[in-house]
Amino acid sequence: MNSTNTYGTITSLDGGLHLLNHPLASHIMTHLRDKTTKPATFRTLATQLTLLLAIEATRQLTLETKLVETPLEKYMGDILKQNPIVVVPILRAGLSMVQPFVDTFPDVSIGYIGLERDHETAKARSYYCKLPALHDRLVFAVDPMLATGGSACQALTLLKNSGAIRPYFVCIVAAPEGYAALRKEHPDVPVYAAALDRELNAKSYILPGLGDFGDRLYGT
Ligand code: PRP
Ligand code: URA
């Protein structure tokens with residue numbers, strides 16, 4: 001990766017990978033990584049981090065002006081224009097990232113893509129897909145872990161084949177290998193992550209990582 005650019009609470013690498021750069025995000029990440037963190041706390045931390053990511057990934061939302069009255073005088077302010085957003089979690093772990101989008105943005109619809117990695121081959125198998133209309137919408141694929149990139153690439157291809165023009169990918173931890181794979185197959189897709197980790201191990205788990213996100217989330 002060549003160019004680094006920091007703006008606000010985001011550091012952008014290579015123009016395509018946007019990393020959270022905020023003390024609160026670092027604090028939450030460390031507790032998520034801690035193996036003694038219990039599922040209930042893990043879920044809360046994942047929600048908090050996703051809210052930070054959602055705020056950063058939606059900077060391009062458009063505004064329109066609206067005249068309101070404060071208790072003292074008239075005020076011409078900005079409000080969100082209608083920005084139809086579609087959030088598509090990759091099941092199952094991606095479900096943990098849906099609520100912050102739904103709670104924060106008024107015009108959200110949700111699609112679902114079910115993918116599961118074979119633990120031996122690390123290849124993703126598709127088992128479910130239900131998507132709303134994607135054309136002319138701002139589409140966010142969400143999945144906490146970008147490891148080999150196989151699941152993300154497959155999901156993004158599915159979204160594009162279903163009408164998404166320039167979907168975004170939002171994750172919590174990205175591995176360099178996964179980001180490289182995604183960049184190669186989907187160079188147009190902006191990626192937002194809370195952390196870029198060191199590498200994958202022989203079983204394609206992210207190091208230092210946080211283990212199996214789905215298992216830690218659901219206590220399985
Ligand atoms: C995890 C994770 C991603 C995938 C990432 O899901 O949530 O979907 O692995 O790995 P990749 O980049 O190598 O494809 P998993 O298959 O473990 O399913 P789960 O969400 O049901 O736990
Ligand atoms: N999926 C996970 O949940 N964790 C990893 O480290 C890699 C893939």
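Student: How far is an oxygen atom of ligand 1 from a polar backbone atom of G149?
Tutor: This is a predicted model, and the distance is computed from it. A polar contact is a pair of N or O atoms within 3.5 Å. The pair formed by an oxygen atom of ligand 1 and a polar backbone atom of G149 is 2.8 Å apart.

Student: Which residue has a side-chain N or O atom 2.4 Å from an oxygen atom of ligand 1?
Tutor: Backbone atoms also make contacts here: a polar one of A147 is 2.9 Å from an oxygen atom of ligand 1. The 2.4 Å contact uses a side chain instead. That side chain belongs to D143.

Student: How much of ligand 1's own accessible area does the protein cover?
Tutor: Ligand 1 sits in the largest pocket. On its own, ligand 1 has 500 Å² of accessible area. The share covered by the protein is 93%.

Student: Which elements each supply at least two residues of the shell around ligand 1?
Tutor: The shell holds 15 residues, and R117, D143, T148, G149 and S151 come nearest. They belong to a mixed group: five nonpolar, five polar and five charged residues make up the shell. The elements that each give at least two residues are β8 (112-117), β11 and α4 (150-161).

Student: Which strands stand at the edges of the open sheet that includes β13?
Tutor: Three strands form this sheet, with parallel pairing, in the order β11-β13-β15. An edge strand has a single partner, so one side of it is left without a neighbour in the sheet. The edge strands are β11 (145-146) and β15 (195-196).

Student: Which residue of β13 does M145 stand opposite?
Tutor: Two bridges join β11 to β13, and these strands run parallel. β13 covers residues 173-174. The residue opposite M145 is V173.

Student: Which residues surround ligand 2?
Tutor: Ligand 2 sits in the largest pocket. Its shell divides into five nonpolar, two polar and two charged residues. They are R117, M145, A147, S204, Y205, I206, G211, D212 and F213.

Student: Which residue has a polar backbone atom 2.8 Å from a nitrogen atom of ligand 2?
Tutor: Two other backbone contacts use oxygen atoms of ligand 2. One goes to I206 at 2.8 Å, and another to F213, also at 2.8 Å. The contact with a nitrogen atom of ligand 2 is made by G211.

Student: What share of ligand 2's own accessible area does the protein cover?
Tutor: Ligand 2 has 240 Å² of accessible area on its own. The protein covers part of that area, and the share is 89%.

Student: What is the omega of the peptide bond from L207 to P208?
Tutor: Most peptide bonds are trans. The bond from L207 to P208 is cis. P208 is found in the loop between β17 (206-207) and α6 (213-218). The omega is near -5°.

Student: Where is R92, the residue that the cis bond from L91 leads to?
Tutor: The peptide bond from L91 to R92 is cis, with omega near 0°. R92 has its place in a loop, between β6 (85-91) and α3 (98-104).

Student: What is the phi of D136?
Tutor: Most residues other than glycine have a negative phi. D136 is not a glycine, yet its phi is positive. D136 lies in the loop between β9 (124-130) and β10 (138-142). Its phi is about 65°.

How values were computed
Residues numbered from 1 in each chain as written. Chains lettered and ligands numbered in written order. Predicted model: local features only at pLDDT ≥ 70, side-chain atom pairs only at ≥ 80, totals over all residues. Heavy atoms only, no water. Pairing = 2+ DSSP bridges. Helix = DSSP H or I, 4+ residues; strand = E, 2+ residues; numbered from the N terminus. Near = heavy atom within 4 Å. Polar contact = N/O pair within 3.5 Å; in protein donor to acceptor, adjacent residues only side chain to side chain. Areas by Shrake-Rupley, 256 points an atom, 1.4 Å probe, with all protein chains shown as cover. 1 Å grid on protein atoms, 1.4 Å probe; cavity = no way out; pocket = protein on both sides within 12 Å on 5 of 7 lines; lining within 4 Å. Sits in = over half its atoms within 2 Å of the grid points. Nonpolar A, V, L, I, M, F, W, Y, C, P; charged D, E, K, R; others polar.
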